[in-house]
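Here is a short briefing to read alongside the model. Please keep the structure open as you go through the points.

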Amino acid sequence: MKKRTKILSCATAAALLCSALPFVVFAESDNGKVRVVVENNTFKKADGAAWDGTLIDEWVELKSDSTAASIISEVVTSKGYADPITDSQYGAYIASVDGLTSGDGSNLEGSAYPGWLVGYDDWYGNGGISTLNISDGDELFISYSLNMGVDIGSDFYNTSTKLKTLEADNGTISPELSSETTEYTLTLNEGSSTVKLTPTAENKNYRYRIYKTEYTPDQDNDYKRTKDIPVSDGDVIYIGVGHDAYGAEETVYKLNVSIPNTQQSSQESSKEESSKEESKVNNNDDITVDKIIEDTTAQIKSNEKVAVAGNEWEILTLARFNSLDVNTKNAYLSSLKETLSTAEFTNATDYAKLVITLTALGVDATDFEGYDFVAPLADFDFASKQGINGTVYTLIALDTHNYDIPEAPEGATQTTRDELINTILSAQLKDDGWTFYGDVYDPDMTGMALQALAPYYETNDKVKTAVDKAVELLSKVQEDNGAYTSYGSNNCESTAQVVTALSALKINPDTDERFIKNGNSAIDGLKLFYVSSANGFAHEQGGDYNKYSTDQAYYALCAFSRLTNNQTSLYDMSDVSFETEFAETSEESAEDSDIDETSYEEDENSTADASEEEDESSESSDEASNNNTGVNANNTNNGDTATVETGDNAPIIAMIFVVVVSACAVFVLRKTEN
């Protein structure tokens, strides 16, 4: 029994080690720096280690082709040490650094297959890290552990998602951090305009993320602990730990920012007095909607990488505007095809987004290159695990072309349209809106819920009642400038979601008197965020161009355009006919269209949807550390069509596990026999 326990413990730990290595991560750009730390704080020289302490702690310049492996190799070898990266058929891993080799210290009491772990921004979760993009300010920790992470604060069997500590570089946090309290006041020093937060999770197996104004964990717009967060009095900062984690409940902390500044009060008063005059200057009244659509379309199409998998919202909107040329369409489909063998999808919104996009392109989402993207949505437990987002976008995706819902896997709860509708209705708040988190309406989530319910407004009395209440709420909370505010921020994305929802409900957001305030319609509100110099949209009025704000505003204008031109709604694709077969572009035609086909950039991140999308993107960075899904072409359903499997582990993790189990079993048995 003792021998068997050792084998299981060793094998499990080794599997976690292999899955923790984020070596296929690419840098987002060629700008910025990444911190690399190589340390051994667990195995002491006195106990036989080759070295202990911190061997390397250095910031390294990012290059356009940097990966975690190349960065680590570059830093370690520059110090005169041998390249620590070892390649295998399952990917790169670290076996030894300056004589400290995985397995060293296995004779010590309490040791359980010691070895190297790679942490990303103080997170050692297993798997999933390879889906994150390295960018300026990130930190990579190469740490030696004697017992698979427990001794460095990452315990696979501990499900705590609480914070252990939380520090601010200036000011105070009150009350004192405790496990029972999740809302605090962050009082900054007088005159402060930025703050840097340093959270430490109780269990580093679960990742923390920091957001300002809105809690959007499925977007890649979180703040790193190495970066200053710009703040003003009244701002709200959220810190979530363990989002979408397997076997644990997420914990979200709220920090209300307070900045004592008498001068600031007078400045705010001055701003209020001149706000009307300023809005007249910046409201884009002189630009027509048609001109905005024309220029934004040209800007998006001019991007040579628009046809890359990951840009679904741009591709589907171009298609719904009938502005997608054949070369760009086929180049996107080719790019998507190339990603499927390695893609890891962890959320229902990942699949829903592909169903929506493929359908817009005239491709049957149940059979694209042998993959069925509708099949995973048949598992209601999976479709709803994201909360309201998952159910909303599952329903939208299924209704794009009235897809039949296949039979759910054995043991799973069967998805039905009635169940999706009832789940969305049951999530409506007392204030008649919806929210992704909390108990107060959010215009973004309210708009998304209405988009999903719109097809049932005329036929379902419960839906009609719920929708009417929500529409009344959106009319009541519309700002005088025509736009919408979420978490204290008058912003593009919130306004775009409302415009999309009203258009789906056949309510004209430009002429319906319920959505005209102080002479400004919801369309006028959306125009406030247009940046004419960039042919796109900003998150807030007067801000810089933002890709994710542009994505959402662009499809909102498409929804509005389709309404005013008496076309089917944005997501009603009954006007689309499926092609019998995908005519893949040749390498020559792809070259002719100057399309650069690469793999998914997440989300993309991705961000203000900085997801993509307040949640739509999922692209986020999810807590894939404990809930991976992947495309498995070897599993079939209904003939030759491969289904995209959902579950707790990606197939590659399982493969690694089997290999490591065998190796560890031999290792332990041999030691026992000796």
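**Strand 16 and its partners**

Strand 14 (residues 208-212) and strand 16 run antiparallel and are joined by 5 bridges. Please bear in mind that this is a predicted model. The points below begin with strand 16, move on to an open sheet, and end with two pairs of helices.

*Pairing and burial of strand 16*

- In the pairing with strand 14, Ile-210 has Ile-239 of strand 16 standing opposite.
- Strand 16 also pairs with strand 17 (residues 251-258), again in the antiparallel sense, and here there are 6 bridges.
- Within that second pairing, Asn-256 of strand 17 is the residue opposite Val-236.
- How many of the 6 residues of strand 16 (residues 236-241) are buried? The count is 6 of the 6, so strand 16 is largely enclosed by the rest of the structure.
- In a regular strand, side chains alternate between the two faces of the sheet.
- Strand 16 is covered on both faces: one side carries Val-236, Tyr-238 and Gly-240, the other carries Ile-237, Ile-239 and Val-241, and all are buried.
- Two of these buried residues have already appeared above: Ile-239 stands opposite Ile-210, and Val-236 stands opposite Asn-256.

*The open sheet*

- An open sheet is formed by 4 strands, arranged in the order 2-1-8-7 with mixed pairing.
- Which strands stand at the edges? They are strand 2 (53-61) and strand 7 (115-120); each has a single partner strand, so one side of each lacks a neighbour in the sheet.
- From one strand to the next, the twist averages 15°.
- Helix 2 (residues 68-78) packs on this sheet, where it touches strand 1 (33-40), strand 2 and strand 8.
- The direction of helix 2 makes about 115° with that of strand 2.

*Strand 7 at the edge*

- The partner of strand 7 is strand 8 (residues 139-145), and the two pair in the antiparallel sense over 6 bridges.
- Among the bridge partners, Gly-115 is matched with Ser-145 of strand 8, and Val-118 with Ile-142 of strand 8.
- Although strand 7 stands at an edge of the sheet, 6 of its 6 residues are buried, so strand 7 is largely enclosed by the rest of the structure.

*Helix 6 with helix 7*

- Two packed helices are described by the angle between their axes and the distance between those axes.
- For helix 6 (residues 326-339) and helix 7 (residues 348-360), the angle is about 150° and the axes are 12 Å apart.
- With over 145 degrees counting as roughly antiparallel, helix 6 and helix 7 are therefore roughly antiparallel to each other.
- Their crossing is left-handed.
- Helix 6 contributes Tyr-332, Leu-333 and Leu-336 to the contact, while helix 7 contributes Leu-354, Thr-357 and Leu-358.
- By class, this contact of helix 6 with helix 7 has 5 nonpolar residues, 1 polar residue and no charged residues.

*Helix 10 with helix 11*

- Helix 10 (residues 417-426) and helix 11 (residues 443-453) cross at roughly 150°, and their axes come within 11 Å.
- That crossing angle makes helix 10 roughly antiparallel to helix 11.
- The handedness of the crossing of helix 10 and helix 11 is left-handed.
- Which residues make the contact? On helix 10 they are Ile-421, Ile-424 and Leu-425, and on helix 11 they are Ala-449, Ala-452 and Leu-453.
- The contact of helix 10 with helix 11 divides into 6 nonpolar, no polar and no charged residues.

Notes
Residues numbered from 1 in each chain as written. Predicted model: local features only at pLDDT ≥ 70, side-chain atom pairs only at ≥ 80, totals over all residues. Heavy atoms only, no water. Pairing = 2+ DSSP bridges. Axes fitted to C-alpha atoms, helices over the stretch in contact; angles between N-to-C directions. Contact = heavy atoms within 4.5 Å. Parallel < 35°, antiparallel > 145°, perpendicular 65-115°, else oblique. Left-handed = near helix turned anticlockwise from the far one by under 90°. Nonpolar A, V, L, I, M, F, W, Y, C, P; charged D, E, K, R; others polar. Buried < 20%, exposed > 50% of the residue type's maximum accessible area, 1.4 Å probe, protein only.
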